[in-house]
Amino acid sequence: NKYTRFYTWNYVPAIAKLGFVPDKILMVWVHGESDSEQLTYATLYYRNFKAFIERARSDIGVNFPVIITELKADVRVTWCPYRAIVRTCQDSIYSLIPNTYSLSTASETFQADTCHYSDASYMSIGIRTATLAYTLK
């Protein structure tokens, strides 16, 4: 699945090779659309994403915070018919997996394709994500 494929690139040595020593470790996750295209992926979203977070934390050795931008439950987006299932799974993640945080996208707007956020919304999401990340330990 796509979570396992993510691990084909081992990010830990790649970051160390750059000589970067972070003062804060966290993950920002903007995802859910492709999982909401098929019922099988949508129903496995919680299990797969929970395993992904656990593996990443284990690999790095830190129970780092995870900020997840909510999948916008917009009925106009017909190409992702299982958005509501993924959103429910995301809500479960915030309440059941420690040190995970939700970033609401309810007020954000889409481009005409109803798939990608507008430029203003991308800026808003970035600023709000950075602000939240700054407050986390």
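Two strands count as paired here if DSSP finds at least two bridges between them. With that in hand, this predicted model shows an open sheet of three strands, in the order β1-β2-β3 and with parallel pairing. Two helices are worth a look alongside the sheet: α4 (residues 83-96) and α5 (residues 119-135).

**The sheet**
- β1 (27-30) and β3 sit at the edges with a single partner strand each, so each has one side left without a neighbour in the sheet.
- On average, neighbouring strands are turned by 20° against each other, direction ignored.
- β2 and β3 run parallel and are joined by four bridges.
- Looking at one pairing, Ile-68 has Ser-102 in β3 as its bridge partner.

**Helix α5 on the sheet**
- Helix α5 packs on the sheet and touches β1, β2 and β3.
- The direction of α5 makes about 150° with that of β3.

**Helix α4 and its two sides**
- α4 has 14 residues and reaches 20 Å from its first C-alpha to its last, close to the 20 Å expected at 1.5 Å a residue.
- The buried residues in α4 are Arg-83, Val-86, Arg-87, Cys-89, Gln-90, Ile-93 and Tyr-94.
- Seen down the axis of α4, those buried residues fall within an arc of 160°, so they line one face of the helix.
- Flip to the other side of α4 and you find Ala-84, Ser-95 and Leu-96 exposed.
- As for what covers the buried residues of α4, the list includes α3 (39-60), plus the strands β2 (66-69) and β3 (100-103).

Terms used:
Residues are numbered from 1 along each chain as its sequence is written. This is a predicted model: local features need pLDDT of at least 70, side-chain atom pairs count only at pLDDT 80 or more; totals for chains, interfaces and linings use all residues. Side-chain values use heavy atoms; hydrogens and water are left out. The expected span of a helix is 1.5 Å times one less than its number of residues. Buried means under 20% relative accessible area, exposed over 50%, partly exposed in between (1.4 Å probe, protein chains only). The arc is that of the directions from the helix axis to the C-beta atoms. Contact means heavy atoms within 4.5 Å. Axes are lines fitted to C-alpha atoms, for helices over the stretch in contact, and angles run from 0 to 180 degrees between N-to-C directions.
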